[in-house]
Amino acid sequence: MSFLRPDAVQTVLRWSEPVLSALLALWLARLTWGLLASGNPLGVLALIGAGIAALWTVVSGIRRILGRRASGPGGPGVVTLQEGRIGYFGPSGGGFVAVDALIAVDLVALRRGGSDGLVWQFSDAEGGYLAIPQTAEGAEDLLDTLGVLPRLDYARIVAAMLSREEKSFAVWRRSGSARLSSS
């Protein structure tokens, strides 16, 4: 017999990763402060660890927020993520785009007639284009797949999620013409 409501347990479990990584970042920051104050060179390693833990806190928090938005009323279509390819099967179209061929990723905030939503837009080097609503089944895992992109702008992703107006946010652009390495 549980004394906790099932929805409360689900909330705690859903947010446990960002909360634990935030606690780790705080502990490492405190350790860094003490080590650097005493002149210990291990303070630099603790500082790097604190930075990584803080970044992980932000990434896992964004994933949880996007997942929560996607878990509302079921959206149109299904997203597949296989072997470096993003696929979308929607009611009026779909397609595939290879992550290493991407040249641009945008997140569009839609605010039409009281219906709010986010749409991922992908453009690749061959002129391909793919739009995926954030409410599509499996879209909550897109951020994990996009994590391989260098300089992915998490701040703009958060800005798109919080936007009160209809606007497109460029969250990643390829610099140069080289493809991503598959290492």
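Leaving aside neighbours within four places in sequence, which residues is Ile132 in contact with? Select Ile132 and find out. Its partners are Val79, Ile86, Tyr88, Leu118, Val119, Trp120, Phe122 and Leu142. Keep in mind that this is a predicted model.

**Next stop: the core.** Ile132 belongs to the largest nonpolar core, a set of 30 residues. Add Trp120, Phe122 and Ile157 to the selection; together with Ile132, they have the most contacts inside this core. Now colour the elements that give two or more residues to the core. The helices are helix 3 (42-70), helix 4 (142-146) and helix 5 (154-162). The strands are strand 2, strand 4 (102-112), strand 5 (115-124), strand 6 (129-133) and strand 7.

**Next stop: the three-stranded sheet.** Show strands 1, 2 and 3. They form an open sheet in the order 1-2-3, paired antiparallel. Strand 1 (78-82) and strand 3 (93-98) are at the edges with a single partner strand each, so one side of each has no neighbour in the sheet. On average, neighbouring strands here are turned by 10 degrees against each other, direction ignored.

Zoom in on strands 1 and 2. Five bridges join strand 1 to strand 2 (residues 85-90). Pick Leu81: its bridge partner in strand 2 is Ile86. Ile86 is also one of the contacts of Ile132.

**Last stop: confidence.** Colour by pLDDT. The chain averages 81, and 85% of the residues score at least 70. Among the elements, strand 7 (residues 167-173) has the highest mean, 93. Helix 1 (residues 6-14) has the lowest, 73. Finish at residues 177-183, where pLDDT stays under 50. For this stretch the model has nine contacts beyond four places in sequence.

How values were computed:
Residues numbered from 1 in each chain as written. Predicted model: local features only at pLDDT ≥ 70, side-chain atom pairs only at ≥ 80, totals over all residues. Heavy atoms only, no water. Pairing = 2+ DSSP bridges. Helix = DSSP H or I, 4+ residues; strand = E, 2+ residues; numbered from the N terminus. Axes fitted to C-alpha atoms, helices over the stretch in contact; angles between N-to-C directions. pLDDT = per-residue confidence, 0-100. Contact = heavy atoms within 4.5 Å. Core = buried A, V, L, I, M, F, W, Y, C linked by side-chain atoms within 4.5 Å. Buried < 20%, exposed > 50% of the residue type's maximum accessible area, 1.4 Å probe, protein only.
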